[in-house]
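Trainee: Could you take a close look with me at one part of this model? I would like to begin at the end of a helix and then see how the rest is put together.

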Amino acid sequence: MTQERLDEVVRQRIRGLRLARGWTLDTLAARCFMSTSTLSRIETGGRRIALEQLVAIARALGTSVDQLVEPEDDEDVVIRPEPEPIAGATVWLLSRERDRRGVTIAKMRITPDRDLGGPQVHPGYEWFTVLTGTIHLQLGERTIVVHEGQAAEFSTMTPHALVAHGAPAEILTIFDHDGDQAHLPGHRHG
């Protein structure tokens, strides 16, 4: 990416974040301790951004300088998941290592013979949707049948287990940090 293109991306990000917060140029300028005209020229490309200005703008917008100047390329967009077998399932990680949102997104193929040694309990929440097949969600004393196209969300402080019913099932799941640790041992966040 050329320097000119990077400058344009940074200006777009500053303006976009400002507008997303509903702030005027005056509001952001006051939070950055700079004049409105200076901020306007920064956003429109009439002025180069000095490092100390970029730091102040990032701080005021609640982001980091790294996020403002992060280059654009396909590698920041395309994820190429590799299948990883774990305990009666295959997992394809669909989010990046150390995901900023604090969640892990994965596709899982669960086989009917999956045995986790009983329900698990850990802090947090989980969410999944069934892409194919049927899942029996053991949640405490209940067994909830979740069919293809349906989703479930639950507190993981309740003993829980996911079992494919009759045939392999595929789910798209979102784990918070605690769910990642409990269900994807040996992965990330360690």
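Trainee: Which residue follows α2, and is its phi positive or negative?

Mentor: Happy to. Please keep in mind throughout that this is a predicted model. The residue that follows α2 is Phe33, and its phi is positive, near 60 degrees.

Let's look at the helix itself. Helix α2 covers residues 25-32, and its buried residues are Leu28, Ala29 and Cys32. Viewed down the axis of α2, these buried residues fall within an arc of 100 degrees, so they line one face of the helix. As for what covers them, the list includes α1 (3-20), α3 (36-44) and α4 (51-61).

Two contacts between a charge and a ring may also interest you. Arg21 lies over the face of Trp23, at 6.0 Å from the ring centre. In the other one, the charged end of Lys107 sits over the ring of Trp92, and here the distance to the centre is 4.8 Å.

Now for rings that meet rings. A search of the whole structure turns up one aromatic pair. Its members are Phe128 and Phe154; their ring centres are 6.4 Å apart and their planes stand at 75 degrees, so the pair is edge-to-face. Since Phe128 belongs to strand β4 (residues 125-132) and Phe154 to strand β7 (residues 151-155), the pair ties together parts that are 26 residues apart in sequence. Both partners are shielded: Phe128 is buried with a relative accessible area of 1%, and Phe154 is buried with 5%.

From β7 we can move on along the chain. The loop between β7 and β8 holds Met157. The C-alpha atoms of Met157 and His122 are separated by 5.3 Å, although the two residues are 35 apart along the chain. Leaving aside residues up to four places away in sequence, Met157 touches Val121, His122, Pro123 and Gly124.

That loop leads to a sheet worth tracing strand by strand. It is an open sheet of three strands in the order β6-β5-β8, with antiparallel pairing. At its edges stand β6 (142-147) and β8 (160-164), each with a single partner strand, so one side of each is left without a neighbour in the sheet. On average, neighbouring strands of this sheet are turned by 25 degrees against each other, direction ignored.

Strand β5 (residues 134-139) is joined to β6 by six bridges, and the two run antiparallel. You can follow the register from both ends of β5: Thr134 has His147 in β6 as its bridge partner, while Leu139 stands opposite Arg142 in β6. These two strands form a hairpin with two residues between them, and Gly140 in the turn has a positive phi of about 65 degrees. So we meet a positive phi in Gly140, as we did in Phe33.

On its other pairing, β5 is joined to β8 by five bridges, once again antiparallel. There, Ile135 stands opposite Ala164 in β8. As a general guide for reading these strands, side chains in a regular strand alternate between the two faces of the sheet.

How values were computed: Residues numbered from 1 in each chain as written. Predicted model: local features only at pLDDT ≥ 70, side-chain atom pairs only at ≥ 80, totals over all residues. Heavy atoms only, no water. Phe/Tyr/Trp six-rings, centres within 6.5 Å; stacked < 30°, edge-to-face > 60°. Helix = DSSP H or I, 4+ residues; strand = E, 2+ residues; numbered from the N terminus. Buried < 20%, exposed > 50% of the residue type's maximum accessible area, 1.4 Å probe, protein only. Lys NZ or Arg CZ within 6 Å of the ring centre and 35° of its normal. Arc of directions from axis to C-beta. Contact = heavy atoms within 4.5 Å. Pairing = 2+ DSSP bridges. Axes fitted to C-alpha atoms, helices over the stretch in contact; angles between N-to-C directions.
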